[in-house]
Amino acid sequence: MPRLTLKGDTTNNIGEYLPAPFIDRIYIVGAGSKSQFRIRTSVFVQDEANRVVLQDGKTKQDEEVYRNSLEEINYYTMILIDLQDTGLYELMINDKYNPLAVYKLASMIYPDKIILEQFKPMTTTPQILFDENGNEVLNYCSEKTYVNYKYDDDVNEPGYEPVPWKDITSMQVLTFASTTTPDNIDINNVNLSCLDVKTSDISYEIVFEGGEYSDREQMEYVDNNDVIYSDTPLIAIDSLVYKANKLTHEQIVAKFKDLLNEFSTLYEKDKGFDKLKRMMDKVSLILEVYNDQADLLPQLNTIRKIFPDKTFAKPIGKFYKRFGTTLFNINKIIKDNQILKRRIIYNRKTIDLRPGSTSAKHRPSFDSTSGNTGYIYTDWVKNNYTNEGSLDVVLGYFFFDYEKAIRRRSNISELFDVNKLENWGIHIPYENFIVDYASVIRAGHGAVDKMAAFVEIKSIMKQDKSFPLTKQISVTENSTDPSNMIVPGEDQREELENTPYGSTQTSEAGWAEAGFISSLVLRNFINPTNKSFSEIENYRLMCYELLDYRQSAPTTDYSAKISITDNTISIANDLITSCRSALSDIEAYLDLVDGSCVFDETHADGVFNDFFSETMLAKYEGNPGAAPWYLVPIIYSIHLDLIYNTYSGDLQQIIKAAKNISVQINPVDGTKKAIEVFINTFSKFISDMYGSSSGGLSGLIGSKINNMSEDPEKVFEVTLAL
C-alpha cells in the first residue's frame, strides 16, 4: 500500500495531549431550498502500543485500552454564522477564550447563529498512514451534511426554507476535541485554565467573509521541506523569520519582565526617574500587546532605538544597556533556529459546488432610450458669408461621435457591454462598423420633401481601409432652380476671390478642382485645449467640414445623416465560438480524469495522485496559462460579467473568481466532483445564453441575434440649424 507521508512535527500537528480534529474539506452545495454544506474531518492518532493510560484508577499499557479512551473523548464541530462583528471567532482561534465557554455564553445570546454538534470519528475504520520517520499514524475520517445552515426556523415546519447563500455575511467552521461537554460548564463559575487543559487544539476555516466566498489565497510560512509551519514564528531584528523552537514567546516575555522587576524599586519611587518610568511603561505595553505575535522582537527593538538617555552612569542608561543585552542575546538564539519562507498557498479545504447563478439582469451597453439622434452633435461651428445681393456661403464643422455609436447603438452592444470589451483589449475594429457615407441635405425651410427642390451633399467613404477616409464627393440636385447652385457664377467668384471662401482660379472647373465647391469632407482635427474630454484612449470622434455655396436659398437648416454598415455580429459570433470551444476543452480534461487511474485511494481526501498531477502539469509546461483549469474559468467569468455585470468589469475580480474555480479543478488541488459541477454550470450557462452547443443559436443572446434585422445599415440623423 502506498504511503502518505506526514512531515514535520507529527505530534504537534495532530495533537500533543488530545487528538485535534483536522478539517479536510468543507463542501458548499446547492442553492435556495437545496442549499447545504458538508464537513469532512480527520482525527490522526499515532499508533503507539506503548502508550500508558489511566483506567479505573490504574495505569495500563494496553493498545486496546488506549483506543477505548479515545472513543470517550467528545469531538465537536462549531459553526458561526453572521457573527463576524462580535469578535468571538478571533477570541477562539487566538486562544483567548475556550470554544466551549464561548458556546455556553453565546448560544444564549445568538441561539440561531452558533451551532455546536458532536461527531464520532473513532467509530469509523481508520486508514493507515505513515510519518516521515516511518511510524504508523491512524486516520479516522468522518463526514456530515448540514442541510439547514441557519437555525432561525424549525427545519421540520412546513414551508421551511434555508437562508440563501447570498444572504450570509460571514461563516466560520471550527473543530476541536474535549473531555467535557457544555452541560458540565457553569458559565458563572468557570475555571478557564482547567477547561483549556480539557480541550484540544482548534482547527478552523473561514467559508464566507464580508458577504463573499472567502479568498483562497493565503500567506503561510514554510520550512526547508516546504512544510507549513503551524506555530507562530519569530521575526528576528533583521526581519528574517525563524521557527520558535529554542525559545518560545512566553520565555521571551518572561525574560523582559524579569528585567523590569530588577528596576521596579526605582519605578515605585514617588519622585524622579521620569524618563526611566516612561521607557519601562513602553516596554510593558509592547509585552502586553505583542506577547504572542511574530514581530515581538522588532517591536522591542524599536523601543531600544528611542531611549532618550543612554548614559551608563544614570539608571536609565543602565536599563538601556541591560535591555539591549537581553534583546540581542534573545535575537542570537532565535537566529540559531531554522529560517522560514513566506509563500502564497491556495487553500483547498473549502470546495464551492454551488451551481452558477443566472438570475441577474442582462446588462449590455446598448442605449435603448436615445434613438439615433444624439450622435451627430448639433452645436456645430459655422460661418455665414452673405453679400449685398443673393449670394450666401456656409462653412461649418460638425462632429459625429463614432465611439459612442459603436458602444451604444451597434448590434453587438445589444448583446454585450462593448465598454468592457474595449477595456479588456477586445477591440471592435473599424471594418466591422464602417461608415459608408455622410450627407447633408439643404431644402426649403428645413423639410426634405421629395417633390420640393433640394441639394444633397454627400461624402462617400473608402471601403477598403481600416480607418475612415473620404473617397469622393457627391452632390445631387433634383432641380435646375438657381437656388440649388453648387459653384458660384463668374461675378460671384470674382467677389469671393480674396475671401476664405474663394480661389484665385478664374474658371468654374478650377474652383471645383481646388475644392471650392459645395462639398462635405472628413477632416483631421487637433484639440486646441489639449485637455482630455474622455478617459477612453484614442477616442474615435469624426469631424466633417461642410462648404455650401447658395443662391437665394430659403433653407434655415440642414438635415445631416451618417450611414454605417454594422457587421459587429461577426465578433459576437467569434466570442460565442470561443466560449463553446472552452467548454469542449474542459470536457476533454474531464475525459482524461475519467479515463485514467488518477486517484490516490490511500489519501484521506481522495485527491488526484502525483503521477496524474505531474503528467498534466508537464503537458502545459511551456504555456501553463493555456491549461484548461486556468484558461476556461477565465473565459467563463468574462462571459458571465459581459452579460450580467457580475464583477462590474473589474478584471481583478474576474481573475479572483477564476482562481477560486481553478484551485478546485486543477490536477494538483482539485477534485473530479468540482470539475463536474463546473462543467454543468458552464454548459447550462452556454445553453441559456447561446443555445445548445450542438445546434444553432438560441437562448437569451442567440435569440437576439436571430431576431436582428438582416439589413446591416445603421443610420444616424439630426437637424443642424443655421
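Biologist: What share of the contacts in the chain with a separation of 6 or more comes from residues 24 or more positions apart?

Modeller: Residues that far apart in sequence account for 71% of those contacts. Bear in mind that this is a predicted model. The chain has 722 residues, of which 46% count as buried, and its secondary structure comes to 20 helices and 26 strands.

Biologist: How do I read a pair of packed helices, and at what angle do H15 and H17 pack?

Modeller: Angles run from 0 to 180 degrees between N-to-C directions. Here helix H15 (residues 569-595) packs on helix H17 (residues 628-644) at about 145°, and the two axes are 9 Å apart. The crossing in which H15 passes H17 is left-handed.

Biologist: Which residues of H15 and H17 make the contact?

Modeller: From H15 come Leu575, Ser578, Cys579, Ala582, Asp585, Ile586 and Tyr589, while H17 supplies Pro628, Trp629, Val632, Ile635 and His639. By class, the residues of this contact are 9 nonpolar, 2 polar and 1 charged.

Biologist: Following the chain out of H17, which residue in the loop between H17 and H18 should I look at?

Modeller: Ser648 lies in that loop. Its phi is near 55°, a positive value in a residue other than glycine. Ser648 counts as exposed because its relative accessibility is 57%, and exposed means over 50%. Asp82 also has a phi near 55° and is not glycine; Asp82 sits in the loop between strand S6 (74-81) and helix H3 (88-93).

Biologist: How do I check the length of helix H18?

Modeller: The expected span is 1.5 Å times one less than the number of residues. Helix H18 (residues 651-665) has 15 residues, so it should span 21 Å; the C-alpha atoms at its ends are 21 Å apart, which agrees.

Biologist: What is found at the start of H18, and which of its residues are buried?

Modeller: At the start of H18, a side-chain oxygen of Asp650 comes to within 2.9 Å of the backbone nitrogen of Gln652. The buried residues of H18 include Ile654, Ala657, Ala658 and Asn660. The run from Ile661 through Ser662, Val663 and Gln664 to Ile665 is buried too.

Biologist: Where is Ser683 placed, and how far from Leu583 is it in sequence and in space?

Modeller: Ser683 is in helix H19 (residues 672-690). Ser683 and Leu583 are 100 residues apart in sequence, with their C-alpha atoms 7.0 Å apart. Ser683 counts as partly exposed because its relative accessibility is 31%, which falls between the 20% and 50% limits.

Methods
Residues are numbered from 1 along each chain as its sequence is written. This is a predicted model: local features need pLDDT of at least 70, side-chain atom pairs count only at pLDDT 80 or more; totals for chains, interfaces and linings use all residues. Side-chain values use heavy atoms; hydrogens and water are left out. Helices (H or I, at least four residues) and strands (E, at least two) are DSSP runs, numbered from the N terminus. A crossing is left-handed if the near helix is turned anticlockwise from the far one by less than a right angle, and right-handed if clockwise. Contact means heavy atoms within 4.5 Å. Ala, Val, Leu, Ile, Met, Phe, Trp, Tyr, Cys and Pro count as nonpolar, Asp, Glu, Lys and Arg as charged, and the others, Gly among them, as polar. Buried means under 20% relative accessible area, exposed over 50%, partly exposed in between (1.4 Å probe, protein chains only). A polar contact is a pair of N or O atoms within 3.5 Å; within protein, one must be able to donate a hydrogen and the other to accept it, and residues adjacent in sequence count only if both atoms are side-chain atoms.
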